[in-house]
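Colleague: I should like a close look at a single part of this model. Please take one strand and its surroundings, and set them in the context of the whole chain.

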Amino acid sequence: MSQPRLSQNDVEAAFGVSATYLGSGTFGDTWCINGRAEKILCGASFDPDRIDREIEALARLGHPRVVKLFEVRRITVAGPGYVTMSFEYVPGTDAAATLTA
């Protein structure tokens with residue numbers, strides 16, 4: 001498993017509760033916090049307009065096989081501000097592990 005870009009202590013301080021690191025992708029780290037998958041966009045630079053379009057599309061989706069996007073907000077983690085996307089958490093393994101099994 002990859003290492004998080006943000007420290008667990010800093011993420012927990014920002015959210016005020018315990019956090020479990022789930023993994024990282026190109027654009028950020030994902031943590032399980034309060035029973036939700038919180039994706040913190042802290043990776044590669046990205047086009048804010050593209051992210052806005054993707055968030056808008058995710059907000060409109062409603063399908064039992066697609067995780068639900070609950071909210072998008074900005075949080076401060078150890079100084080800098082980050083966009084955070086709060087998703088339904090589905091326990092298990094990641095998609096890459098499932099596809100290669």
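Modeller: Among the contacts in the protein chain between residues at least 6 apart in sequence, 35% join residues at least 24 apart. Strand β5 is a suitable place from which to follow such contacts. The model is a predicted one, and the values that follow are computed from it.

The setting comes first. The protein chain contains 3 helices and 5 strands, and from the N terminus on its elements follow the order α-β-β-β-α-β-β-α. Its radius of gyration is 14 Å, close to the 13 Å that the globule rule gives for 101 residues, so the chain is as compact as a globular protein of that length. Taken along the principal axes, the box filled by the C-alpha atoms is roughly 35 × 35 × 25 Å. Of the 101 residues, 27% count as buried.

Strand β5 covers residues 81-88, and 6 bridges join it to strand β3, residues 36-41, in an antiparallel arrangement. Within this pairing, K39 stands opposite M85 of β5. Strand β5 also pairs with strand β4, residues 69-76, again in the antiparallel sense, over 7 bridges. Here L69 has F87 in β5 as its bridge partner. Strand β5 is thus joined to β3 and to β4.

The link between β4 and β5 deserves separate attention. These two strands form a hairpin with 4 residues between them. A78 lies in the loop that connects them and has a positive phi of about 50° although it is not a glycine. Most residues other than glycine have a negative phi. A78 counts as exposed because its relative accessibility is 58%, above the limit of 50%.

The turn is also touched from the N-terminal part of the chain. D10, found in helix α1 (residues 8-15), touches V77 and A78 when residues up to four places away in sequence are not counted. The C-alpha atoms of D10 and G79 are 9.6 Å apart in space, while the two residues are 69 apart in sequence. D10 itself is partly exposed, with a relative accessible area of 33%, whereas A78 counts as exposed.

On the β3 side, R36 provides a second point of reference. R36 belongs to strand β3 and, at 28% relative accessibility, counts as partly exposed. Leaving aside its neighbours within four places in sequence, R36 is in contact with W31, F70, E71, S86, F87 and Y89. Of these partners, S86 and F87 fall in the range of β5, and F70 and E71 fall in that of β4. R36 and M85 are 49 residues apart along the chain, and their C-alpha atoms are separated by 9.9 Å.

The loop that leads into β3 contains another residue with a positive phi. N34 lies between β2 (28-33) and β3, and its phi is near 55°, a positive value in a residue other than glycine. N34 is exposed, with a relative accessible area of 64%.

Strand β5 also takes part in the second largest pocket, which has a volume of about 180 Å³. The lining of this pocket consists of F27, K39, L41, R50, I51, E54, L58, M85 and F87. The elements that give two or more residues to this lining are β3, α2 (48-60) and β5. The largest share, 4 residues, comes from α2. By class, the lining has 6 nonpolar, no polar and 3 charged residues.

Several of the residues already described recur in this lining. K39 and M85, which stand opposite each other in the pairing of β3 with β5, both line the pocket. F87 is a lining residue as well, and F87 is also the bridge partner of L69 and one of the contacts of R36.

In summary, strand β5 pairs with β3 over 6 bridges and with β4 over 7 bridges, the β4-β5 turn is touched by D10 at A78, and β5 is among the elements giving two or more residues to the lining of the second largest pocket.

Conventions. Residues are numbered from 1 along each chain as its sequence is written. This is a predicted model: local features need pLDDT of at least 70, side-chain atom pairs count only at pLDDT 80 or more; totals for chains, interfaces and linings use all residues. Side-chain values use heavy atoms; hydrogens and water are left out. Two strands pair if DSSP finds at least two bridges between them. On a 1 Å grid over the protein atoms alone, a cavity is a set of points where a 1.4 Å probe fits but cannot get out, and a pocket is an open set with protein on both sides within 12 Å along at least five of seven lines; lining residues have an atom within 4 Å of a point. Grid points are joined across faces, edges and corners, and a volume is the space filled by probe spheres set on the points. Ala, Val, Leu, Ile, Met, Phe, Trp, Tyr, Cys and Pro count as nonpolar, Asp, Glu, Lys and Arg as charged, and the others, Gly among them, as polar. The radius of gyration is taken over C-alpha atoms; the globule rule is 2.2 Å times the number of residues to the power 0.38. Buried means under 20% relative accessible area, exposed over 50%, partly exposed in between (1.4 Å probe, protein chains only). Contact means heavy atoms within 4.5 Å.
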